[in-house]
Amino acid sequence: MTFIKGISKSAPWKVKESEVTPESVFKDRRRIIQAMGLGAVGASIPGYVQAGIFDLFGSPKSTTPFKTIPLAFHSNPLFSQQEGVTPIEKVMSHNNFYEFGTGKSDPAENAQGFNVDPWKLVVDGEVERTLTLDLDDLTKLIALEERTYRLRCVEAWSMVIPWVGFPLASLLKKAGLTDKAKYVAFETLYDPEQMPGQKSRLMGGGIHYPYVEGLTVAEAMNDLSFLSVGLYGKTLPPQNGAPIRLVVPWKYGFKSIKSIVRIRVMDKQPPTSWNQLASHEYGFYANVNPKVDHPRWSQATERRIGEGGLFSAKRIETELFNGYGDQVAELYKGVDLRKYF
Ligand code: MTE
């Protein structure tokens, strides 16, 4: 099991019980698990057993769904809350993945035929060894763990998602960074035949594809930066970024790039998609910050998806660094967060 040194189990970035989504598929799952005599949900149940049980709940859309596979993993106790988790059907049906359309339901509807096998992920640039990973390597090279993180979109909605994956730092350490390594650039697959949004400016929201993102090396090596290969115990569905995507929970969701084919370590700051599209609205850093508003809307509060109805949606206060300040504030000591937004 992976513990972060010197950090107690009640660390503030843990998802709080008060953030709980009432009535959810998650509760149903727990009820069924208990009814099956499998005891409490959590560390006592191996991931693959939970994953098998999750099959009972199926996919939100039953039309020839993309096949997801149960994963073997351990639960990271620092991020192991089960109570606040957003219902799986919301996580899989309310998405931003402009390669499959700009509507929230477009990715779930348009990505079911997405083919991820074969897949190739290259780690190169300022590294001692270039790595080339195939689909199998993504789940086998590094031991998988489950971490429940909050995801805060720049559009002022949020979710709480149990990801399965491994720290980005573990992969970068396998490649070995050179002395020139300052930034890490990420690139999504470019395949207009499979991703209709890449063919049409209208459907793809005007983004210049492939979608690209970036972090500083210090951000990339922070333990919170995570490469996810699954959610809810199974491999990622295409709408959530199959077969591998980044999760950077203290930054706005657009930094968490999906369906990655290349991780390039660089000596210069790489271009990033939303910054290229509207640099006055979306910065390179994109740290969650309730005090720095988007030019067109406030970032002070957020709507937790899956809580309340359309007209009674629950709004909660947004926290600086999405509540993960104890882990990451050090990275921005002395930095003017208004200027470097
Ligand atoms: N990655 C790619 N390649 N294309 C995208 O359009 N959208 C981003 C991010 N990663 C996006 C992407 C945005 S704006 C958000 S909020 C998150 O994915 C949403 O992740 P989710 O759909 O799994 O909740």
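Q: Which residues does Arg147 touch, not counting residues up to four places away in sequence?
A: This is a predicted model. Arg147 is found in strand β4, which spans residues 145-152. With those up to four places away in sequence left out, Arg147 touches Asn76, Phe79, Ile161, Pro162, Trp163, Pro167, Asp223, Leu224 and Phe226.

Q: Is Arg147 buried or exposed?
A: Buried means under 20% relative accessible area. Arg147 has a relative accessibility of 0%. Therefore Arg147 counts as buried.

Q: Which side chain makes a polar contact with the side chain of Arg147?
A: A polar contact needs a pair of N or O atoms within 3.5 Å. The side chain of Arg147 has such a contact at 2.6 Å. The partner is the side chain of Tyr149.

Q: Is Arg150 buried or exposed?
A: Arg150 also has its place in strand β4. Its relative accessibility is 2%. The cut-off for buried is under 20%. So Arg150 counts as buried.

Q: How many Å separate a polar atom of the side chain of Arg150 from the backbone oxygen of Asn322?
A: The side chain of Arg150 supplies a polar atom, and Asn322 supplies its backbone oxygen. The distance between the two is 3.1 Å.

Q: What is the order of the five strands in the open sheet?
A: The pairing in this sheet is mixed. The twist averages 15° from one strand to the next. Two strands, β3 (131-134) and β7 (212-216), are edge strands, and each pairs on one side only. The order is β3-β2-β11-β6-β7.

Q: How many residues lie between β2 and β3 in their hairpin?
A: Strand β2 covers residues 120-125 and pairs with β3 in the antiparallel sense over four bridges. Within this pairing, Lys120 stands opposite Asp134. β2 and β3 form a hairpin, and the number of residues between them is five.

Q: In which sense do β2 and β11 pair, parallel or antiparallel?
A: Val123 stands opposite Ile263 in β11. The pairing of β2 and β11 runs over four bridges. Its sense is parallel.

Q: How many bridges pair β6 with β11?
A: β6 takes in residues 183-188, and β11 takes in residues 260-266. Val184 stands opposite Val265 in β11. The bridge partner of Phe186 in β11 is Ile263. The two strands pair in the antiparallel sense, and the number of bridges is six.

Q: What is the bridge partner of Tyr183 in β7?
A: β6 and β7 run antiparallel, joined by five bridges. Tyr183 has its bridge partner in β7. That partner is Thr216.

Q: Why is β6 largely enclosed by the rest of the structure?
A: A residue counts as buried under 20% relative accessible area. β6 has six residues. It is largely enclosed because the buried ones among them number five.

Q: Which residues are the closest to the ligand?
A: The ligand is surrounded by 16 residues. The closest of these are Asn95, Tyr98, Glu99, Ser256 and Lys258.

Q: Which residue has a polar side-chain atom 2.8 Å from a nitrogen atom of the ligand?
A: Backbone atoms also approach the ligand: a backbone N or O atom of Asn96 lies 3.2 Å from a ligand nitrogen atom. A polar backbone atom of Tyr98 is 2.8 Å from a ligand oxygen atom. The polar side-chain atom at 2.8 Å from a ligand nitrogen belongs to Glu99.

Q: What percentage of the ligand's accessible area does the protein cover?
A: On its own, the ligand has 540 Å² of accessible area. The share covered by the protein is 98%.

Q: How many Å apart in space are Ile305 and Pro87, C-alpha to C-alpha?
A: Ile305 has its place in the loop between β12 (301-304) and β13 (315-317). With a relative accessible area of 5%, Ile305 is buried. Residues that Ile305 touches include Thr86, Lys90 and His94. Ile305 and Pro87 are 218 residues apart in sequence, but their C-alpha distance is 8.8 Å.

Q: What percentage of the residues in the protein chain are buried?
A: The secondary structure of the chain comes to nine helices and 13 strands. The chain has 341 residues. The buried share is 54%.

Definitions and conventions:
Residues numbered from 1 in each chain as written. Predicted model: local features only at pLDDT ≥ 70, side-chain atom pairs only at ≥ 80, totals over all residues. Heavy atoms only, no water. Pairing = 2+ DSSP bridges. Axes fitted to C-alpha atoms, helices over the stretch in contact; angles between N-to-C directions. Buried < 20%, exposed > 50% of the residue type's maximum accessible area, 1.4 Å probe, protein only. Polar contact = N/O pair within 3.5 Å; in protein donor to acceptor, adjacent residues only side chain to side chain. Contact = heavy atoms within 4.5 Å. Near = heavy atom within 4 Å. Areas by Shrake-Rupley, 256 points an atom, 1.4 Å probe, with all protein chains shown as cover.
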